[in-house]
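Student: I've got this complex open on my screen and would like to talk it through with you. Can we take it piece by piece?

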Amino acid sequence: MEVVCVADLWKKFKIPHERRTTILENIAGALQMLAGKTFTYEEFWALKEVSFHITSGESLGVIGENGSGKSTLLKILAKILRPDKGKVETNGRIAPILELGVGFHPELTAKENIFVYGTIMGLKNSELKKRLDPILQFAGLERFRDAKLKNLSSGMQMRLGFSVAIETDPDIFLIDEALAVGDFEFQQKCLSKFKEFKNEGKTIILVSHGLSLIKEFCEKTLLLSRGEMISFGETEKVVNEYLKRVQAT
Amino acid sequence: MKSLTIKEFKLRYRNSALGFFWSLLNPLAMMGILTLVFSALVRVGIENFPLFLLPALLAWRFFSIGTSMSLWSIVGNSSLVTKVYFPRWLLVLSSNLANLMGSTLEFLVLLPLLLALGMKVSWLVLLLPVVLAIEFVLIAGASLPLAALNVYYRDVNQVWDIALQAGFFVCPIIYSASLVPGGYALLYSLNPMTRIIESIRKIFYHGALPTAWDLLIPLVGGLILLMLGYAVFVKLEPKFAEEI
């Protein structure tokens, strides 16, 4: 069964030369356009013609230089951004951990955040009550359950995000460089959790610059450069290609 | 849904020493000031002005605070919107529900005061939930497009502030709808908020039953607004995460 299927995916962003966020500015901009002045933004294709698919039990690594479109791809898979063209199909519950954190509110306590996030992910309240302690325990934050999130360190926030996301029982795990903030002990904990995950036949999609991590967990790897898909296939092969490209420049 | 609503409710009063009491102090202070102005300085000759004013004021607060809070429900939750996918209207609805909780509490807590002001005890009070439910539809219908537009244009907030200030005088809060001259009366009575406020006033002040039109006009208006508002919201929703 195919877990993720991406076909001919395109995503465009607009880079404004002059940011317009008020109605007046927009009217002024429209008038300028009428007067024959040029458009005030340019188009930027963050992803061009990306196609790949992974079947159940497989995990995917995404590599490429900064700004190559890795995070954009993950956000599209998480349905946060919509593609301009192409089709994305995913099967199963997705837990995204993007750019440190999963969408917590700084003014709420750790416990309250777990409840808000858990319900958004579709867990029932009774289920969440049961899972509250394991979540805090995994994050190592039992003592901080009633501390406001803004008072936790960035590492602690990341750990909490990770723990909640794991406990929501996702079928597909999207991880964007999130591991880097955790300390060594927590990283080890996460890695063993990943292994458990993989053994259950679930899918991990990992964006990372840590090539050894990708080699360890991902059967398939996708190499992006400036939004274009350079190659997709067996991890060993793609990683070597990446290294060659880096050395060539 | 429940946790989102509770979160909104808690956040609203967090970091303030008096918390929910502000929700009571504000209408009470307004009532005091307006009563002073309109029954002592400018004599409008309305009998028992505090009782005339307070229920209308609470109904207006339900609408004005509800819409102006939910205006921020998408932008204010940018950390959620840019990190997880879920139907975005849930944010607007939870903000509205938190506001419903707040306004219901205001009515309940101020009920003894209303009685002390001379409100007659009657079964009419049982109609209050119906009127508030209809007003809720209206609020939700206005909130959806406002919250969505505010993502794209932050000055929606300013525009809405002016609209609300105008609304305070356009709706029969500090005067009676019967004062509006014949020529405008029909147009005036088509304003759904006019009907809501008049209904509330009939229940608490006149001790009379709201008419069928009093409830139908805001209900139908609210449902139309809700459909239009939802259509706007759905149209703008795909780019929220980029524009926020």
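Student: Which elements are included in what covers the buried residues of α5(A)?

Tutor: Keep in mind that we're looking at a predicted model. Within it, α5(A) is largely enclosed by the rest of the structure, because 12 of its 14 residues are buried. Those buried residues include A:Met158, A:Leu160, A:Phe162 and A:Ile166. The cover over them includes β5 (94-97), α3, α4 (125-139) and α6 (184-199) of chain A.

Student: How far does helix α5 of chain A reach from its first C-alpha to its last?

Tutor: This helix covers residues 154-167, which is 14 residues. At 1.5 Å a residue you'd expect 20 Å. The model comes close to that, with a reach of 20 Å.

Student: Where does α4(A) bend?

Tutor: End to end, α4(A) looks ordinary enough: 15 residues reaching 20 Å, close to the expected 21 Å. There is still a bend of about 45° in α4(A), and a proline, A:Pro134, follows within four residues of it. The bend sits at A:Arg131.

Student: What covers the buried residues of α4(A)?

Tutor: Start with who is buried there: A:Leu128, A:Ile135, A:Leu136, A:Phe138 and A:Ala139. We already met α4 of chain A as part of the cover of α5(A). Now turn it around: the cover of the buried residues of α4(A) includes α3 and α5 of chain A.

Student: Which residue follows α4(A), and what is its phi?

Tutor: Have a look just past the end of α4(A), where you'll find A:Gly140. After α5(A), by the way, comes A:Asp169, with a positive phi near 60°. For A:Gly140 the phi is also positive, near 70°.

Student: Is A:Lys79 buried, exposed or partly exposed?

Tutor: You'll find A:Lys79 in the loop between α2 (70-77) and β4 (85-90) of chain A. Most residues other than glycine have a negative phi. A:Lys79 isn't a glycine, yet its phi is positive, about 70°. It has 15 other C-beta atoms within 10 Å, so A:Lys79 counts as partly exposed.

Student: Where in chain B does B:Asn48 lie?

Tutor: B:Asn48 is another non-glycine with a positive phi, about 50°. With 13 other C-beta atoms within 10 Å, B:Asn48 is partly exposed. Its place is the loop between α2 (21-41) and α3 (49-70) of chain B.

Student: Which helix gives the largest share of the largest nonpolar core?

Tutor: That core has 125 residues, and A:Val62, A:Leu174, A:Ile205 and B:Ile197 touch the most other members. Its largest share, 14 residues, comes from chain B, from helix α6 (residues 128-152).

Student: What does B:Ile197 touch?

Tutor: Leave aside residues up to four places away in sequence. Then B:Ile197 touches B:Ala56, B:Ala59, B:Trp60, B:Cys171, B:Pro172 and B:Ile173.

Student: On the side of chain A that touches chain B, which helix gives the largest share?

Tutor: The contact draws on 23 residues from chain A and 19 residues from chain B. Chain A's side divides into 12 nonpolar, 7 polar and 4 charged residues. The largest share of that side, 5 residues, comes from helix α3 (residues 110-120) of chain A.

Student: What ipTM does the predictor give the complex?

Tutor: For chain B, the mean pLDDT is 90, and 95% of its residues reach 70 or more. For the complex, the predictor gives a pTM of 0.87 and an ipTM of 0.80.

Key:
Residues are numbered from 1 along each chain as its sequence is written. Chains are lettered from A and ligands numbered from 1 in the order in which they are written. This is a predicted model: local features need pLDDT of at least 70, side-chain atom pairs count only at pLDDT 80 or more; totals for chains, interfaces and linings use all residues. Two residues are in contact if their C-beta atoms, placed from the backbone, lie within 7 Å. Helices (H or I, at least four residues) and strands (E, at least two) are DSSP runs, numbered from the N terminus. Ala, Val, Leu, Ile, Met, Phe, Trp, Tyr, Cys and Pro count as nonpolar, Asp, Glu, Lys and Arg as charged, and the others, Gly among them, as polar. The expected span of a helix is 1.5 Å times one less than its number of residues. A residue is buried if 20 or more other C-beta atoms lie within 10 Å of its own, exposed if 12 or fewer, and partly exposed in between; C-beta atoms are placed from the backbone. A nonpolar core is a set of buried Ala, Val, Leu, Ile, Met, Phe, Trp, Tyr and Cys residues joined through C-beta atoms within 7 Å. The bend at a residue is the angle between axes fitted to the seven residues ending there and the seven starting there. pLDDT is the predictor's confidence in each residue, from 0 to 100.
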